[in-house]
Amino acid sequence: MNPLLDSLQPYPFEKLRALFKGVTPPAGLPHISFGIGEPKHPTPTLIRDAVVASLDGLASYPATLGSEALRVAIARWVTWRYALPPVDPATQVLPVAGSREALFALAQTVIDPARTAGGEPAIVLCPNPFYQIYEGAALLAGAQPYFANSDPARNFACDYAAIPADIWARTQLLYVCSPGNPTGAVLTLDDWRELFALSDRYGFVIASDECYSEIYFDEAQPPLGALEAAHKLGRGFERLVMLSSLSKRSNVPGMRSGFVAGDAAILKQFLLYRTYHGAALSTVYQTASIAAWSDETHVRENRAKYVQKFSTVTPMLAEVLDVRLPDAAFYLWANVERTGLADDEFARRLYADYNVTVLPGSYLARTAHDANPGRGFIRIALVADVDECTEGARRIVEFCRGLKG
Ligand SMILES: Cc1ncc(COP(=O)(O)O)c(C=O)c1O
């Protein structure tokens, strides 16, 4: 067996199951889950209809490169969304079967485990807290993850300035998550300037995970994207790719549809890797994805639902926890320290007393540089409908008030 598999950590939801083992929540209260970040709004009719209308596609193998029509639809969307010069559908975009598999596969494509500095393994730089796939992708590519802790005092920005030069010299890939899971923080143009300068100096690839980019609050101010930042700073896409997804934007996590866009040289090798890896998107879903990327009405409607939930729930929770609106995405990243409970104990007792699930922040981070930056936080995924989210928030408030009494 591949010994690297033994280095993988249990997924946060496995840890949560262990935490809740033997706990019986009150039977009279229906369960409310703020735990898993799975979109729960209904799939728009235009996408359902497109799936049904293209079922004939089941009779053929899909091309790894995706259909030209899908690549054109994606390139148009990227060009429009990020105000770019026309993006080339032939070389600068690649459909993928959800951004998760692509985030993983990208590390297998980019990392050269034999190219080490001073006999030390290659490094994949990850934010901390972070989406767990980055770490597994790094480990299975034969690299070593290195964590840049997010700083609550700087809107959860990662402290890249604190990373020593010998670590940068070994870095081959850097994952960025913007808007971030779990913090919701969006990288600024200055953040990007710093990262591009580091990439130019040390030669690493930047993979920007932007799957929450379409969940935001101000219609006039969508989150800045990596390709947009590169263009604004007068550069091309060298050593830069972004990953996006329909899962959250269009409420189709089950369709497994996303894309990678950016540096054509990376995408060429990524396509080669994927031809063997075999993760092509079904032609049925390719056709439905064209419909989804070509329509913004359903995306605006989806966004409005999240805005309504955040504006109802955030002020309620701010009465009892340290929490505020994130820049974007659908999570509240709430500090629970003032309740006197550790984040995992908070989650366990909330579940035991009120049948509400939240994710302990420390499960989403690693201890690095003598700290676990998720410690003291909980992640609340506002994915259920507004009434359920409001009821969940009401129970959290009651729980916290009860602790103080
Ligand atoms: C930060 C982040 N990136 C990527 C993904 C993967 O999304 P998908 O594979 O559905 O595109 C998720 C899913 O929750 C996520 O939270």
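User: Where does Pro-182 lie, and what bond joins Asn-181 and Pro-182?

Analyst: Pro-182 is located in the loop between β6 and α7; here helices (H or I, at least four residues) and strands (E, at least two) are DSSP runs, numbered from the N terminus. The bond joining Asn-181 and Pro-182 is a cis peptide bond, with omega of about 15°. This is a predicted model, in which local features need pLDDT of at least 70, side-chain atom pairs count only at pLDDT 80 or more, and totals for chains, interfaces and linings use all residues. Residues are numbered from 1 along each chain as its sequence is written. A second cis peptide bond links Asn-128 to Pro-129, with omega of about 5°, and Pro-129 sits in the loop between β3 and α5 (133-140). Most peptide bonds are trans.

User: Why is strand β6 called largely enclosed?

Analyst: A residue is buried if 20 or more other C-beta atoms, placed from the backbone, lie within 10 Å of its own (exposed if 12 or fewer, partly exposed in between). In β6 (residues 171-177), 7 of the 7 residues are buried, so the strand is largely enclosed by the rest of the structure.

User: How do you know that β3 and β6 pair, and in which sense?

Analyst: Two strands pair if DSSP finds at least two bridges between them. β3 (residues 123-128) and β6 share 3 bridges and therefore count as paired, in the parallel sense. Ile-123 stands opposite Thr-171 in β6. β6 is also joined to β7 (residues 205-209) by 5 bridges, again in parallel, and Cys-177 has Asp-209 in β7 as its bridge partner.

User: What makes the unit of β6, α7 and β7 right-handed?

Analyst: The term applies if, with the strands pointing away from the viewer, the path from the first strand over the helix to the second runs clockwise. β6, helix α7 (residues 189-202) and β7 form such a right-handed β-α-β unit.

User: Why does Phe-156 count as buried or exposed?

Analyst: Phe-156 has 22 C-beta neighbours inside 10 Å and therefore counts as buried. Phe-156 lies in the loop between β4 (144-151) and β5 (157-158) and has a positive phi of about 65° although it is not a glycine. Most residues other than glycine have a negative phi.

User: How do you know whether Arg-256 is buried or exposed?

Analyst: Arg-256 has 20 other C-beta atoms within 10 Å, so it is buried. Its phi is also positive, about 55°, and Arg-256 belongs to the loop between α9 (246-249) and β9 (258-262).
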